[in-house]
Amino acid sequence: MYDLAVFTDWAAFAVRWLHVITAMAWIGASFYFIALDLMLRPSPDMPEGATGEEWEVHGGGFYNTVKYNVAPARLPEHLTWHKWQSYWTWLSGVALLAIVYWGGAEMFLIDYDKIELSTLQAILISAGSLAIGWVLYDFLCKSPLGNHPTALMGLLFVILIVMAWGYDQVFTGRAALLHLGAFTATIMTANVFLIIMPNQRIVVKDLQEGRTPDAKYGKIAKLRSTHNNYLTLPVIFLMLSNHYPLAFATEYAWIIASLVFLLGVLIRHYFNSMHAGKGEPHWTWGASAVIFVIIMWLSSIPMNQDYDFEAEVIVPEPVQYVVANEHYDDVRNIVMGRCSMCHGVDPVWEGVRWAPRGLRLDDDAQIALNARMIYLHAGRSHAMPPGNITGMTVEERAQIVRWYQSLDRDVAALD
């Protein structure tokens, strides 16, 4: 039987690759059209109904783009719809969330130091929060507040701060920031699927049936598209944050995540102003630098919770079978001798101030929670220790493999 842990890891890799590919396509198209829209200028010889045009050069050719705010008098036979990029980015993202965080809830999703949840409870909170975010956001957009874009964006920012704090109270730091990104990305994709595309279909149908389209549909779609434009960069940061424990594994991670949204807005404002011909607001770079320095400072503030080295280590009940395994004592000695000097609450390896990726392997609870990672990174592969700097032997790696493979039998016996 093929090793399930290896298969799952490769499945996550494949889905992550798909997610990155489709995200690049979506973000690239989004950035291009926002820039194009802002660069459009009126011209004396434009067709009837057109509000602006732009000439561009790329790849040795010249392109002339004309925009109709409502629609042209006649539609061509071929019309390109930009939608699949958004849909597949979200679908692949949810699939990756399910594989990594739902399938590995005990390790990546649940933080037993914060709140002890069952796997089902954690998954329901994870999935439910994404749906609730869209419902709340859509309600606000359709309320009278939708006529005041700046106030609406301000309230959305407050909601994101609350969600950042809430996720941090329930999930691991890594999962909290990832979920905040997924929360935001769900709003963005739902904007495309439930608002922008349906409105465009109404306009197209009116044209095909000889009616004059109502300009309000384009206005609504434009508002949602603008929101997506300003939310894109923070989502990218949050999706990358799981590689940097200073972003997700510090006490003020939720504040850091909130400040990242301000960074994204400032950066997009600079480019949007430049593309619109309104000058280059260089002050945005200074403001961004100040916010980034604040983020760096927040990440380095010592945590208020002092680790009690003398306290008894409590292994969460869902993973107690790991430490009860007959091979555990041998593996514990290997991990403590080869890994914990870096992956500890207080690393002793020179030059290492924080556990890489926020991963601790310095007590029974942490080893049990990270059993699969130990198996994949130090047993099945030579990824850890990096460059085998601590001299882990072939026999020790084989022992780790025997230990983890025997856990499958232990789990089966418990079932």
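**Annotated domain, surface patch and pocket**

An unreviewed UniProt entry annotates residues 6-299 as "domain: Urate oxidase N-terminal". The structure examined here is a predicted model. Over residues 6-299, helix accounts for 71% of the chain and strand for 6%. The C-alpha atoms at the two ends of this stretch lie 34 Å apart.

Helix H1 spans residues 4-39. Two of its residues, valine 20 and threonine 22, were examined for accessibility. Valine 20 has a relative accessible area of 41%. Buried residues fall under 20% and exposed ones over 50%, so valine 20 counts as partly exposed. Threonine 22 has a relative accessibility of 3%. This value is under the 20% limit, so threonine 22 counts as buried.

Valine 20 also contributes to a nonpolar patch on the surface. The patch covers about 720 Å². Its other members are Trp10, Phe13, Trp17, Ile21 and Met24. Threonine 22 was also compared in position with tryptophan 81. The two residues are 59 positions apart in sequence, and their C-alpha atoms are 15 Å apart in space.

The second largest pocket holds about 1800 Å³ of space. Its lining comprises 45 residues. Phe33, Lys67, Tyr68, His82 and Gln200 are the closest of these to the pocket centre. Helix H1 gives two or more residues to the lining. So do strand E2 (61-68) and helices H2 (84-102), H6 (173-208) and H7 (215-240).

Definitions and conventions. Residues numbered from 1 in each chain as written. Predicted model: local features only at pLDDT ≥ 70, side-chain atom pairs only at ≥ 80, totals over all residues. Heavy atoms only, no water. UniProt positions renumbered as here; feature names shortened; annotations may be inferred. Helix = DSSP H or I, 4+ residues; strand = E, 2+ residues; numbered from the N terminus. Patch = residues over 30% accessible without salt bridge, like charges linked within 9 Å, V, L, I, M, F, W, Y side chains within 5 Å. Areas by Shrake-Rupley, 256 points an atom, 1.4 Å probe, with all protein chains shown as cover. Salt bridge = Lys/Arg side-chain N within 4 Å of Asp/Glu carboxyl O. Buried < 20%, exposed > 50% of the residue type's maximum accessible area, 1.4 Å probe, protein only. 1 Å grid on protein atoms, 1.4 Å probe; cavity = no way out; pocket = protein on both sides within 12 Å on 5 of 7 lines; lining within 4 Å. Points joined across faces, edges and corners; volume = space filled by probe spheres on them.
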